[in-house]
Amino acid sequence: MLGLDDGGDASTWGRLRAIQLDALGRRAALLFGLHVVAVMLTLPAFVPWQRVLWASTVLAGTGAVAWRRRRMSDRIENEASRRDIAGAVIDSLAIALLWTFPFLAAARGHVLPASPDLWLAGLALTLGSALILAPVPLAGVTFVVVVAAAMALALLTAQMHLAAAATVMVAGLLTYLTLALGHALVARHLTQAALDERNETVSLLLRDFDEQGSDWLWEIDAARRIVHASERFAAACRLPAETMTNLPFLQVLAGPTWEAGNFAAGLRQLAEKLKQREGFRDLTLPIVLDGEERWWEIAARPRYDANGVFLGFRGVASDVTEQRASADKINRMARFDTLTGLPNRLHVNEALSRALTDAERWRSRCAFMMIDLDRFKAVNDTLGHPIGDRLLGRVSERLSQMMSENELIGRLGGDEFAVVVRDASDPQRVERLARTIIDTLSRPYEVDQHTLLIGASVGVATSPRDGRTAETLIRSADLALYRSKDRGGGVFHAYEPQLHADAEERRVLELELRQALERGELALHYQPVVDAGSGNLRGFEALLRWNHPRLGPIGPNRFVGIAEETRLISPIGEWVARTACEEAARWPGDLRVAVNVSPEQLTNPNFVTVIASALAQSRLPAQRLELEVTEGVFMREGTGATRVLEQVLDLGVRLSLDDFGTGFSSLGYLSRTRFSSIKIDRSFVVSAAQGVAEPLAIIRAVVALARSLGMMTTAEGVETEAELALVRELGCTAIQGYYFGRPLPVDDTRDLIRRNLGKARAA
Ligand code: C2E
Ligand code: MG
Ligand code: MG
């Protein structure tokens, strides 16, 4: 502050000194004025001829100093040296020495010591100089000390001790005042300098940003008009920068829509934010420039001055049109199925949600249709995935062609498709669409020289009856589809609440079935199989029973399917095989036991081991065990089921084809595996007995073929005398049915065998 230090940052001190000298220079006139007043006050103390001399000397001296100070402050640019400060101190010392003259003269009695004006002048001078010279405190202090010393000396010589002491004290106070003022000045300037510097840096950075960045800055005033638009901002707006200042910001952004008044949503949002004086960021809005639509992302903050007065906004903006385009593409890819190009599950879900909202608003109905291809898996498994994929492509084409404005078709995954019917107020129309879909998809396809025949099953749910949300509606449609599948496919089912109840029951059964084995709730019943000619007992078919403590007896038709789906069929099937073998081993002679095996069990390679071990543990001869499989086994090529069958046959076990006539009834299957018998399903037997020509002809053909291959034919479900007569006449070799006996519990079975033995012995 005293201007003597140069340590640390020299340029800071240099700048500080310049500020000090500059302030001093600006007070030069004041300094001169002070001395004029002081000279006038001292004049009475002089004799007339001295007055001119004195006045002219002091005024010339102070005038010269004032002029020098003034010049100095003009000359100084940014920095001042210690010598410059020293110059100021010397100047002030020179004038101070000049001023010692009247007081020293008074002490020697040359002037009038008692003149109060002289002392008043001294006081005014020291006080004034202390204040005026404060920017360079050393100059001020020098002046005060020198002049006060002369005054004190004069007073001492005049024996005015008290006044001398007072003078010294005042001088001390003034010294302190000068230093304090000087310090305040320096401190204020330092803060200001720091602030200026920061502003300069910020504006430099901003300029840099505006010139090089991909973004640009903009600024508007409280009336939302553009404040000096930068070049980049102007270029982005495709307008000359000079014409932009004072234009309404929103008008520039809105382009042609400004006149029309139909702003984009993003622009309306921006206008709202500006009106509310709210800061915002990441606001994306469409901008029309020269007829081309661009997307800008902008952010801004409101500006206030120190008094909290709103000044407007300052912000950044960038063009995000390209980023948006690629985001759109990604979005599109995420919403469409790559294989078929149809909307995917996500897209379908969204469309359904929209359709639901619309339907609710217009108090109408919308529908959700789920489509599952029948026998698609067989195509995939036998001909491979590339053909399966191509087939899916064909299916999508046919589906797309059937859709109108009112529907959206999508692929949910695998061989599952879905249709969102936006307006389903006419249920008959929906039903017609479902039937058309089934018919169209069931027509043959030609893919790579293969003629492929598949079918389709459809389930439909309609809002709001079957569900008010996308989730519940999908679930309902799924249940309806499940029902269609359950009925063998190729059909359409609408959701009904019973389906939900069934699904619930399935869920409960599934939970209970998991524990049925451990709790010993499962049992086997045995149904006699007799020789068609003699009526002699040939053996029994083991049929599974579930006695649930709370739900009562549950038939296999209700739970075997669940066991297959939940893979519980493996442990249950193993238990059935072991139990049946144990039981059959206790039967006399060559009575056989037939065990039903579901296709699911054959996918487990362990199956052979299980059968071998069941035979070994029960010591039942292998040829007394017969495994019953259905045509379903051959629908799963690729799963290795037929290989497993071959291995079981190698154990010496017999194999029969169950439920012939319910599936494809293809005689071709018979030649694939070494079956020892074919079981003709009850439905065939019944309709043949009623005289329906086709089943009758088929049974005849099967019997003839079986005979020529050395196989047996068992007629299932013979209940009446007439049916018995017919199947005997047709040439079936064995018969099973209520006519001869229902499935019996173990004890009753044993009784029956005993009685039968007795009869045989008696005969
Ligand atoms: P399935 O193998 O065709 O068994 C014959 C079914 O016809 C049995 O029904 C039997 O009770 C019934 N039946 C026999 N004679 C007559 C008759 O004269 N009239 C009528 N109306 N029905 C008759 P059940 O016991 O309800 O078994 C149904 C199906 O459950 C079986 O059909 C079989 O496919 C399956 N199943 C039974 N036990 C097992 C098992 O242990 N494992 C596997 N995987 N499936 C089994
Ligand atoms: Mg069976
Ligand atoms: Mg059967």
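A residue counts as buried under 20% relative accessible area, as exposed over 50%, and as partly exposed in between. Keep that scale in mind as we walk through this predicted model, starting with one asparagine. N596 has a relative accessible area of 30%, so this residue is partly exposed. E628, by contrast, has a relative accessibility of 2% and therefore counts as buried.

What do these two residues hold? Both coordinate the magnesium ion that is ligand 2, N596 through OD1 and E628 through OE. E541 (OE) and D658 (OD) are donors to this ion too, and the distances run from 2.0 to 2.2 Å. Along the sequence, the donors follow the spacing E-x54-N-x31-E-x29-D. N596 belongs to strand 15 (residues 592–596) and E628 to strand 16 (residues 625–629), so the pair ties together parts that are 32 residues apart in sequence. D658 also bridges to a second magnesium ion, ligand 3, with 4.0 Å between the two ions.

Now let's turn to ligand 1. Around ligand 1 there are 21 residues, and R545, N596, D658, E719 and Y738 come nearest. N596 and D658 are thus familiar from the magnesium site. The shell is made up of 7 nonpolar, 6 polar and 8 charged residues. Strand 13 (537–548), helix 20 (556–565) and strand 17 (654–660) each give at least two residues to this shell, and the largest share, 4 residues, is from strand 13.

Which atoms meet the ligand? A polar backbone atom of Y738 is 2.8 Å from an oxygen of ligand 1, and a polar side-chain atom of E716 sits 3.2 Å from an oxygen of the ligand. A backbone N or O atom of L544 lies 3.1 Å from a ligand nitrogen. On its own, ligand 1 has 790 Å² of accessible area, and the protein covers 82% of that.

Terms used
Residues are numbered from 1 along each chain as its sequence is written. Chains are lettered from A and ligands numbered from 1 in the order in which they are written. This is a predicted model: local features need pLDDT of at least 70, side-chain atom pairs count only at pLDDT 80 or more; totals for chains, interfaces and linings use all residues. Side-chain values use heavy atoms; hydrogens and water are left out. A residue is near a molecule or strand if one of its heavy atoms lies within 4 Å of it. A polar contact is a pair of N or O atoms within 3.5 Å; within protein, one must be able to donate a hydrogen and the other to accept it, and residues adjacent in sequence count only if both atoms are side-chain atoms. Accessible areas come from the Shrake-Rupley method with a 1.4 Å probe; for residues, only the protein chains shown count as cover. Ala, Val, Leu, Ile, Met, Phe, Trp, Tyr, Cys and Pro count as nonpolar, Asp, Glu, Lys and Arg as charged, and the others, Gly among them, as polar. Donors are N, O and S atoms within 2.8 Å of the metal (3.2 Å for Na, K and Ca); water is not among the atoms, so sites may look incomplete. Buried means under 20% relative accessible area, exposed over 50%, partly exposed in between (1.4 Å probe, protein chains only).
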